[in-house]
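This report goes through a protein model in running text, with one table of paired side chains. The structure is shown first, and the description follows.

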Amino acid sequence: MDDPNKTILVTGGAKGIGRCIAASYAAVGGNVIIADMDRDKGREAEKEIREQGGQAFFYALDLADCSAIDDMFHMIAERYRGLDILINNAAITSHKPMFEMSVDEWDRVLQVNLRAPFWCARQGAELMKTKGGGAIINIASTRALMSEAGYEAYGASKGGILALTHALAITLSPFKIRVNAISPGWIETGDYAGLGQEDHLQHPAGRVGKPGDIAWACLYLSSEQAAFMNGANLVIDGGMTRKMIYSE
């Protein structure tokens, strides 16, 4: 990030990858807004950043509610007078056999994982236009490129994120707003128990990913050093999607 006074919105910033992204922007001087529905974790993340000398503000909302998203952006406009960087990170996972999934469960995943990033981009771009440009980074997934059974809704939402990314990049380029995606692979966020050496060694990089691997990529993509990157999808998976697997 080139200007330490920029305002950054990180959705799903209360824990995991999003929390690391929020802390990383705060560490380089950004004014960070953490948007999440987990009030306890959100306040904890806000407090942690402030105790380390950073600027953070937690905003609680359900991203499936577009009116709540509108209210958040009204707050950002009044409190921060604009927005420079939007990280669409929030997502929910549904691992369920397709024959057992209800329409409501399918819709919930698509509302949070795909509709909300579009609506945040729409509202965020309005604020970015007033500042002469900005950067939007959509956190997709390698599940947009490969699959396992039971992840139809999640995979569809992340595939949609990749298409949304290049569509937004074209639409917003006249306003000097760049839009890129990051597709993380297996990232250790504390949600996995009992990681073994075999889990690390199945990655060509020799380990599973860390939240910081994604945070550094966000800092790069939103900087002037990445000015020629637009509409791209940066796969960060330790080489897993490039590894051929044969049966014995």
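Serine 94 is buried, because its relative accessible area is 13% and the cut-off for a buried residue is under 20%. The model in which this value was computed is a predicted one. Serine 94 belongs to the loop that joins strand 4 to helix 4 (103-130). Which residues does serine 94 contact, leaving aside its neighbours within four places in sequence? The contacts are Met101, Val109, Gly150 and Tyr151.

**The sheet**

Strand 4, which precedes that loop, is part of an open sheet of seven strands. The strand order is 3-2-1-4-5-6-7, and the pairing is parallel. Two strands pair on one side only and so form the edges, by the order just given: strand 3 (55-60) and strand 7 (233-236). From one strand to the next, the twist averages 15°. In general, the strands of a sheet pair through backbone hydrogen bonds, in either a parallel or an antiparallel sense.

Strand 1 (residues 7-11) pairs with strand 4 (residues 85-88) in the parallel sense, over three bridges. Within this pair, valine 10 has isoleucine 87 of strand 4 as its bridge partner.

Helix 3 (residues 66-80) packs on the sheet and touches strand 1, strand 2 (31-36) and strand 3. The direction of helix 3 makes about 150° with that of strand 3. Helix 7 (residues 211-221) lies across strand 4, strand 5 (134-139), strand 6 (177-184) and strand 7. Relative to strand 6, helix 7 runs at about 165°.

**Surface and loops**

Strand 7, an edge strand, also contains valine 235. Valine 235 has a relative accessible area of 32% and is partly exposed. Together with Leu145 and Met146, Val235 forms a nonpolar patch on the surface. The accessible area of these residues together is about 240 Å².

Where in the loops does a residue other than glycine take a positive phi? One of them is arginine 81, with phi near 60°, in the loop between helix 3 and strand 4. Arginine 81 is exposed, at a relative accessible area of 63%. Lysine 176 also has a positive phi, of about 60°, although it is not a glycine. Lysine 176 is found in the loop between helix 5 (152-172) and strand 6. With a relative accessible area of 64%, lysine 176 is exposed.

**Salt bridges**

How many salt bridges does a search of the whole structure find? The search finds twelve. As a general point, side chains of opposite charge can pair when their charged atoms come close. The table gives some of the pairs, with N to O distances and relative accessible areas.

| Acidic residue | Basic residue | N to O distance |
|---|---|---|
| Glutamate 44 (39%, partly exposed) | Arginine 19 (15%, buried) | 2.8 Å |
| Glutamate 44 (39%, partly exposed) | Lysine 41 (36%, partly exposed) | 4.0 Å |
| Glutamate 105 (29%, partly exposed) | Lysine 96 (23%, partly exposed) | 2.6 Å |

Glutamate 44 has a salt bridge with arginine 19 and another with lysine 41. Why does the pair of glutamate 44 and arginine 19 tie together parts that are apart in sequence? Glutamate 44 lies in helix 2 (residues 39-51) and arginine 19 in helix 1 (residues 16-27), so the salt bridge links parts that are 25 residues apart in sequence. Lysine 41, in contrast, lies in helix 2 along with glutamate 44. These two residues are three residues apart, about one turn of the helix.

Arg19, Lys41 and Glu44 are also joined with Glu48 in a network of salt bridges. Within this network, arginine 19 is buried, because its relative accessible area of 15% falls under the 20% cut-off. Glutamate 44, at 39%, is partly exposed, and lysine 41, at 36%, is also partly exposed.

Glutamate 105 and lysine 96 form a salt bridge, with the closest N and O atoms 2.6 Å apart. Glutamate 105 counts as partly exposed at 29% relative accessibility, and lysine 96 is partly exposed at 23%.

Technical notes
Residues are numbered from 1 along each chain as its sequence is written. This is a predicted model: local features need pLDDT of at least 70, side-chain atom pairs count only at pLDDT 80 or more; totals for chains, interfaces and linings use all residues. Side-chain values use heavy atoms; hydrogens and water are left out. Two strands pair if DSSP finds at least two bridges between them. Helices (H or I, at least four residues) and strands (E, at least two) are DSSP runs, numbered from the N terminus. Axes are lines fitted to C-alpha atoms, for helices over the stretch in contact, and angles run from 0 to 180 degrees between N-to-C directions. Contact means heavy atoms within 4.5 Å. Patches are made of residues with over 30% relative accessible area and no salt bridge: like charges are joined within 9 Å, nonpolar side chains (Val, Leu, Ile, Met, Phe, Trp, Tyr) within 5 Å. Accessible areas come from the Shrake-Rupley method with a 1.4 Å probe; for residues, only the protein chains shown count as cover. A salt bridge is a side-chain nitrogen of Lys or Arg within 4 Å of a carboxyl oxygen of Asp or Glu. Buried means under 20% relative accessible area, exposed over 50%, partly exposed in between (1.4 Å probe, protein chains only).
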